[in-house]
Amino acid sequence: GLLKRKAVERGYWLRSTDPIQQLKEVIKRFQLNQQMKLLSICLKCNGPIVKVDKKSIHQEVDADIYETYHNFYQCSQCQKIYWNGLHIQKMFEILY
């Protein structure tokens, strides 16, 4: 019923009840693949994330993480450190 109101100029009725499928529907319907910039802002403070030299964060992460992963990123505002763990691979599999 919400989409029938004149105040709503654009909308989309999701067909699926599954949240993952709904996300895929929205991305496809509104052609968001080209506009998405995954892993570009910090989950903690919304600051921009930039790639950093692995050696610069050696003291900041656990030794097993440091040895396992090669690419690290850091928020330029709050300094939170990120890396491409398995959760990132799963996210890309879901979205693409």
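This passage looks at the aromatic pairs of a predicted model, and then at the surroundings of Glu-25 and Leu-14.

Four aromatic pairs are found in the structure. In one of them, Tyr-12 and Phe-30 hold their ring centres 6.3 Å apart with an angle of 80 degrees between the planes, so this pair is edge-to-face. The two partners come from distant parts of the chain, 18 residues apart: Tyr-12 belongs to the segment before helix H1 (19-29), while Phe-30 belongs to the loop between H1 and strand E1 (49-52). Both rings keep some contact with the outside, as Tyr-12 is partly exposed at 26% relative accessibility and Phe-30 is partly exposed at 39%.

A further pair is formed by Tyr-69 and Trp-83, whose ring centres lie 6.5 Å apart; with the planes at 35 degrees, the pair counts as tilted. Because Tyr-69 sits in the loop between helix H2 (63-68) and strand E2 (72-75) and Trp-83 sits in strand E3 (residues 81-83), this pair ties together parts 14 residues apart in sequence. Trp-83 is partly exposed, its relative accessible area being 25%. Tyr-69 and Trp-83 also take part in a cluster, which ring pairs build together with Tyr-66 and Phe-72.

Lysine side chains add to the picture around the rings. Within the cluster, Tyr-66 has Lys-54 over its face, at 4.7 Å from the ring centre. Elsewhere, the ring of Tyr-82 has the charged end of Lys-80 sitting over it, 5.4 Å from the ring centre.

Attention now turns to helix H1, where Glu-25 is located. This residue is buried and yet has no salt bridge. The nearest side chain of opposite charge is that of Arg-15, 5.2 Å away; a salt bridge would require a side-chain nitrogen within 4 Å of a carboxyl oxygen, so Arg-15 does not provide one. The side chain of Glu-25 instead reaches a backbone partner, the nitrogen of Ser-16, at 2.9 Å. Leaving aside residues up to four places away in sequence, Glu-25 touches Tyr-12, Trp-13, Leu-14, Arg-15 and Ser-16. Tyr-12, the partner of Phe-30 in the edge-to-face pair, is thus also a contact of Glu-25.

Leu-14, another of these contacts, is placed in the segment before H1. With 28% relative accessibility, Leu-14 counts as partly exposed. Its contacts, again without residues up to four places away in sequence, are Gln-22, Glu-25 and Val-26. The C-alpha atom of Leu-14 is separated by 38 Å from that of Gln-79, a residue 65 places away along the chain.

Conventions. Residues numbered from 1 in each chain as written. Predicted model: local features only at pLDDT ≥ 70, side-chain atom pairs only at ≥ 80, totals over all residues. Heavy atoms only, no water. Phe/Tyr/Trp six-rings, centres within 6.5 Å; stacked < 30°, edge-to-face > 60°. Helix = DSSP H or I, 4+ residues; strand = E, 2+ residues; numbered from the N terminus. Buried < 20%, exposed > 50% of the residue type's maximum accessible area, 1.4 Å probe, protein only. Lys NZ or Arg CZ within 6 Å of the ring centre and 35° of its normal. Lys, Arg positive; Asp, Glu negative; His and termini not counted. Polar contact = N/O pair within 3.5 Å; in protein donor to acceptor, adjacent residues only side chain to side chain. Contact = heavy atoms within 4.5 Å.
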